[in-house]
Amino acid sequence: MEVYERIRELRKNHLRLSQTDFGDRLGVSRSVIKNIELNALARPDQKLSLIKLICKEFSVNEDWLLNGNEPMFVEPDTFSLDEFVKQRGATDLELQIVKTYFDLDPDTREMLVDHFRKGLAASAPAAVEKEKTVEELEEEYKKIVLNSVSKKGSTALSTTNDTAANGKAVNEN
């Protein structure tokens with residue numbers, strides 16, 4: 001992967017910023033970002049100063065950006081929530097929401113987490129449900145088929161192929 005491809009990957013997949021927003025953060029126009037990502041800068045000397053600026057603004061490891069050597073981001077000695085959310089394109093309102101959440105007492109936070117967990121579980125039960133074994137899934141399937149068939153008044157289909165006397169599988173369709 002080339003430098004311009006890593007810049008596009010960083011912007012789109014990790015920072016989740018549009019070319020315009022990325023350019024605004026760097027003080028350049030969208031067309032400059034577009035040209036960088038297409039590897040078509042009119043003045044290639046601009047690229048090095050922009051690389052330095054990208055690394056500084058988004059705490060990107062310059063060695064990763066230039067050569068692809070991990071880690072992608074520079075790990076600071078201290079953690080700043082403000083910087084963390086800013087790097088990920090969060091709004092001031094989103095930052096204030098996170099800070100307000102952590103200003104709550106631990107019992108209230110726990111109550112909120114439980115509330116959201118229950119709400120998420122109700123809207124997407126498969127996502128939070130434990131994985132089922134093949135046997136459990138087959139049993140669930142049989143119940144669904146039997147209920148469906150009994151409502152229609154016909155006979156249930158086998159979930160497995162029956163074997164005829166000659167040893168070949170016969171499908172029941």
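## Briefing: pocket, core and backbone details

The largest pocket here has a volume of about 240 Å³. Please keep in mind that this is a predicted model. The protein chain has 173 residues, of which 18% are buried. Its secondary structure comprises 10 helices and two strands. Below is a friendly tour, starting with the pocket.

**The largest pocket**

- Twelve names are worth having to hand: the lining is formed by Ser 59, Phe 73, Val 74, Glu 75, Pro 76, Thr 78, Phe 79, Ser 80, Glu 83, Phe 84, Gln 87 and Arg 88.
- Sorted by class, this lining holds five nonpolar, four polar and three charged residues.
- Gln 87, one of the lining residues, belongs to helix 6.
- With a relative accessible area of 10%, Gln 87 is buried, because that value is under the 20% cut-off.
- Leaving out residues up to four places away in sequence, Gln 87 touches Leu 15, Arg 25, Glu 57, Phe 58 and Ser 59. Ser 59 also appears in the pocket lining.

**Helix 2 and its buried side**

- Helix 2 spans residues 19-26, and its buried residues are Gln 19, Phe 22, Gly 23 and Leu 26. These residues sit on the same side of helix 2 because they cover an arc of only 95° around the axis.
- The general background is that an α-helix has 3.6 residues a turn, so residues three or four places apart point the same way.
- The cover over the buried residues of helix 2 includes helix 1 (3-14), helix 3 (30-37) and helix 4 (45-58).
- Phe 22 touches Ile 7, Arg 11, Leu 15, Leu 17, Ile 33, Ile 54 and Phe 58, again without counting residues up to four places away in sequence.
- Right after helix 2 comes Gly 27, with a positive phi of about 75°.

**The largest nonpolar core**

- The largest nonpolar core contains 21 residues, and those with the most contacts inside it are Leu 10, Phe 22, Ile 54, Phe 58, Val 60 and Leu 65. Two or more residues each come from helix 1, helix 2, helix 3, helix 4 and helix 5 (62-67). Helix 4 provides the largest share of this core, with five residues.
- In soluble globular proteins, nonpolar side chains tend to be buried together.

**Backbone points to check**

- As a reference, most residues other than glycine have a negative phi, and most peptide bonds are trans.
- Arg 16 is not a glycine, yet has a positive phi of about 50°. Arg 16 lies in the loop between helix 1 and helix 2 and counts as exposed because its relative accessibility of 64% is over the 50% cut-off.
- Asn 39 also has a positive phi, near 55°, and is a residue other than glycine. Its place is the loop between helix 3 and helix 4, and Asn 39 is partly exposed, with a relative accessible area of 41%.
- The peptide bond from Glu 70 to Pro 71 is cis, with omega near 0°. Pro 71 is located in the loop between helix 5 and helix 6 (81-87).

**The chain as a whole**

- Read from the N terminus, the elements follow the order α-α-α-α-α-α-α-α-α-α-β-β.
- Of the contacts between residues at least 6 apart in sequence, 36% join residues at least 24 apart.

Methods:
Residues are numbered from 1 along each chain as its sequence is written. This is a predicted model: local features need pLDDT of at least 70, side-chain atom pairs count only at pLDDT 80 or more; totals for chains, interfaces and linings use all residues. Side-chain values use heavy atoms; hydrogens and water are left out. On a 1 Å grid over the protein atoms alone, a cavity is a set of points where a 1.4 Å probe fits but cannot get out, and a pocket is an open set with protein on both sides within 12 Å along at least five of seven lines; lining residues have an atom within 4 Å of a point. Grid points are joined across faces, edges and corners, and a volume is the space filled by probe spheres set on the points. Ala, Val, Leu, Ile, Met, Phe, Trp, Tyr, Cys and Pro count as nonpolar, Asp, Glu, Lys and Arg as charged, and the others, Gly among them, as polar. Buried means under 20% relative accessible area, exposed over 50%, partly exposed in between (1.4 Å probe, protein chains only). Helices (H or I, at least four residues) and strands (E, at least two) are DSSP runs, numbered from the N terminus. The arc is that of the directions from the helix axis to the C-beta atoms. Contact means heavy atoms within 4.5 Å. A nonpolar core is a set of buried Ala, Val, Leu, Ile, Met, Phe, Trp, Tyr and Cys residues joined through side-chain atoms within 4.5 Å.
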